[in-house]
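Open the model in your viewer and show side chains as sticks. This tour moves from one selection to the next.

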Amino acid sequence: MEPTPEVIPTNKRSKSKKTYWSREEEILLAKAWLHISEDSIKGTAQRDKEFWQRINTYYQSSNTTGTIRAQTNLKTHWHYMNPLVVAFNQIYLVSKSQHLSGCSDEDLKKGAFEHNSARYSTDFRHDHIWNLVKNEPKWKVAGTTSEASRSSSNAQSVINLDDNEDTFRPIGTKAAKKAIKGKASKSTSSSSSRLDEILEKHVHDNKKNYERYQKSLDLKNALKQEKIKVKQEKIKHDEMSIFFLDPSTMSEEGRDIWRNRCEEIKIKYNIL
């Protein structure tokens, strides 16, 4: 699945073409982000430029997809996915914090998908990224209204929701653990409201991208199904033509093979 297209120039004379991000590419990008962000947890100060240079190096050295992505492509796509994953994660953590009796983790995830769809008017398509990051300490803090006093400001420090920020560093291990235990510093409820505003604006701005992607995906799937249907019809036509062969021109052994094959085809297509 590929949520957003990117324009990648092939050469100076040829026209640029759009290539969609595959799940494999997005997972690699998330792994690169997690791997490099670990250094900041250990206390290594990283400016935005250095941070993304290191992510780019990790990504390029591990990329086996054959699709070339520039460093700016990686950063742009991460900032595209990130708020969407944060939004879903917050919804999931709120549900989990309610300790609903009889609800399994799958029930909570299903509810989070439904809530996310209802709230932002779009389906959540980055569960493959969420599954990678959800168990990281920095992602176990629910920046919700009920917990805004201890985590809403921290939730924004976990992820860079504002593309205008010049510097980005994930919070450290100690800060993340304090936030999980409810020991993080207090913030006003306006932080939570601001988080919602940013997420809703992000989803609204990218809704057209989702719609274009969904249309292209639907068309692609329709063409794929049509090809499968044509192929199946050809196979059926070829197999049905066996019935019209003249057994009188066959040897005894050939007629036995022909009869057995006819019976197999009758069973396959439920022919009485």
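## Salt bridges along a helix

Start with arginine 259 and aspartate 256: they sit 3 residues apart in helix H9, so about one helical turn separates them. Remember as you look that this is a predicted model.

Zoom in on that pair. Arginine 259 makes a salt bridge with aspartate 256, and their closest N and O atoms are 3.0 Å apart. Now add a surface. Arginine 259 is partly exposed, at 39% relative accessible area. Aspartate 256 is also partly exposed, at 36%.

Next, select arginine 255 and glutamate 252. Both belong to helix H9, which covers residues 252–268. The two are 3 residues apart, about one turn of the helix. A salt bridge links them, with 2.7 Å between the closest N and O atoms. Glutamate 252 has 46% relative accessibility and counts as partly exposed.

Move on to arginine 261 and glutamate 264. What separates them along helix H9? They are 3 residues apart, about one helical turn. Here too there is a salt bridge, and its closest N and O atoms are 3.0 Å apart. Arginine 261 is partly exposed, with 29% relative accessible area. Glutamate 264 is partly exposed as well, at 45%.

Keep that pair selected and add Glu239 and Lys268. Salt bridges with shared partners join Glu239, Arg261, Glu264 and Lys268 into one network.

Finally, zoom out. How many salt bridges does the count give? It comes to 10, taking a Lys or Arg side-chain nitrogen within 4 Å of an Asp or Glu carboxyl oxygen.

Definitions and conventions
Residues numbered from 1 in each chain as written. Predicted model: local features only at pLDDT ≥ 70, side-chain atom pairs only at ≥ 80, totals over all residues. Heavy atoms only, no water. Helix = DSSP H or I, 4+ residues; strand = E, 2+ residues; numbered from the N terminus. Buried < 20%, exposed > 50% of the residue type's maximum accessible area, 1.4 Å probe, protein only.
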